[in-house]
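Please open the model in your viewer and keep the sequence panel beside it. The stops below suggest what to select next and say what is there.

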Amino acid sequence: MPNNTTNYSFNKPLVNNATDADLWGGYLNANWDSTDSILNTRTQDYDFAGYDLIDAEFIDSSETAHSLGNISGAVTIDYEDGHWQYATVTGNITSLTINNLPPSGKGGWMTLELVQDGTGGRTIALSSTYRTVGGAGVTLSTAASAIDKLRLETRDGGTNIDVYPNLGLA
């Protein structure tokens, strides 16, 4: 009858009814125990490659905020850089493009934190792809060093991106 390890329930192979005391069986079982121990303490990144993570509970989790640096003009953001991205606005933003959004049928969201530079008064112009409540558009806080946070959401691959603006911290 195979033995189970404590953590991941690997079935330890039996070789000709060998036991842990036997050289061959002991060698195989020691390797399984070692593998089990390594997996139990693993802290490396996992790539689920599009597979679902179901019924997961995260405790004390965080995500690295990605700096876009200084931005102005036609701005392109990569969604795969994370759900929290921030930048200093050094001139008017004339367009905003977000690459690598999840495909249609999958929800995607991010927070875009925009900080006015020392001059302030910078604006943002968004295409009709970006929808706001009542079609009001986005008006950034204009004071020097003012901070605005925009929540961006889509579930159709970016055909429509809903913007919840003015989560400002002027």
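How many of the residues of β3 are buried? Select β3, residues 108-116, in this predicted model, and colour the strand by accessibility: 8 of its 9 residues are buried, so that the strand counts as mostly covered under the cut-off of under 20% relative accessible area.

**The whole chain**

Before going further into β3, zoom out to the protein chain, which has 1 helix and 6 strands, arranged from the N terminus on as α-β-β-β-β-β-β. Buried residues make up 28% of the 170 residues in the chain. Among the contacts with a separation of 6 or more, 51% come from residues 24 or more positions apart.

**The sheet, strand by strand**

Now show the strands alone, and follow the open sheet of 6 strands in the order β1-β2-β3-β5-β6-β4, where the pairing is mixed. The edge strands are β1 (66-78) and β4 (130-131), each of which pairs on one side only.

Select β2, residues 84-99, together with β3: these strands run parallel and are joined by 6 bridges, and Ala 87 can be found standing opposite Leu 114 in β3. Then add β5, residues 147-154, which pairs with β3 in the antiparallel sense over 8 bridges; in this pairing, Met 110 stands opposite Leu 152 in β5.

Continue to β6, residues 161-164, which runs antiparallel to β5 and is joined to β5 by 3 bridges, with Glu 153 opposite Asp 162 in β6. The two strands β5 and β6 form a hairpin with 6 residues between them, and in the turn Gly 157 has a positive phi of about 70°. From β6, select β4 as well: β4 and β6 pair in the parallel sense over 2 bridges, and Tyr 130 stands opposite Ile 161 in β6.

**Two residues on neighbouring strands**

Is Glu 113 buried or exposed? Glu 113, which lies in strand β3, has a relative accessible area of 15% and is therefore buried, since buried means under 20%. Display its side chain together with that of Trp 84, and a polar contact of 3.3 Å can be seen to join the two. Leaving out residues up to four places away in sequence, Glu 113 touches Trp 84, Gln 85, Tyr 86, Ala 87, Ile 147, Asp 148 and Lys 149. A C-alpha to C-alpha distance drawn from Glu 113 to Leu 150 gives 6.3 Å, although 37 residues separate the pair in sequence.

One of the residues that Glu 113 touches is Gln 85, which is found in strand β2 and counts as buried at 0% relative accessibility. Which backbone oxygen does the side chain of Gln 85 reach? The backbone oxygen of Asp 78 lies at 3.0 Å from that side chain. With neighbours within four places in sequence left aside, the contacts of Gln 85 are His 66, Leu 68, Ile 77, Asp 78, Tyr 79, Met 110, Thr 111, Leu 112 and Glu 113.

**The enclosed space**

Turn next to a surface display with cavities shown. The structure holds 1 cavity of 30 Å³ or more, and the largest cavity has a volume of about 40 Å³. To frame it, select its lining, which consists of Tyr 79, Ile 98, Leu 101, Gly 108, Trp 109, Met 110, Leu 152, Glu 153, Thr 154 and Ile 161. The elements that give two or more residues to this lining are β3 and β5. By class, the lining of the largest cavity has 7 nonpolar, 2 polar and 1 charged residues.

**The open space**

For the last stop, display the largest pocket, in which about 720 Å³ of space lies. Which residues lie nearest the centre of this pocket? Of the 20 residues that line the largest pocket, Gly 50, Tyr 79, His 83, Pro 102 and Trp 109 lie nearest its centre. Colouring the lining by class shows 9 nonpolar, 5 polar and 6 charged residues. Keep Tyr 79 and Trp 109 selected when moving between the two spaces, for these residues are named in the lining of the largest cavity and also among those nearest the centre of the largest pocket.

Key
Residues are numbered from 1 along each chain as its sequence is written. This is a predicted model: local features need pLDDT of at least 70, side-chain atom pairs count only at pLDDT 80 or more; totals for chains, interfaces and linings use all residues. Side-chain values use heavy atoms; hydrogens and water are left out. Two strands pair if DSSP finds at least two bridges between them. Helices (H or I, at least four residues) and strands (E, at least two) are DSSP runs, numbered from the N terminus. On a 1 Å grid over the protein atoms alone, a cavity is a set of points where a 1.4 Å probe fits but cannot get out, and a pocket is an open set with protein on both sides within 12 Å along at least five of seven lines; lining residues have an atom within 4 Å of a point. Grid points are joined across faces, edges and corners, and a volume is the space filled by probe spheres set on the points. Ala, Val, Leu, Ile, Met, Phe, Trp, Tyr, Cys and Pro count as nonpolar, Asp, Glu, Lys and Arg as charged, and the others, Gly among them, as polar. Buried means under 20% relative accessible area, exposed over 50%, partly exposed in between (1.4 Å probe, protein chains only). Contact means heavy atoms within 4.5 Å. A polar contact is a pair of N or O atoms within 3.5 Å; within protein, one must be able to donate a hydrogen and the other to accept it, and residues adjacent in sequence count only if both atoms are side-chain atoms.
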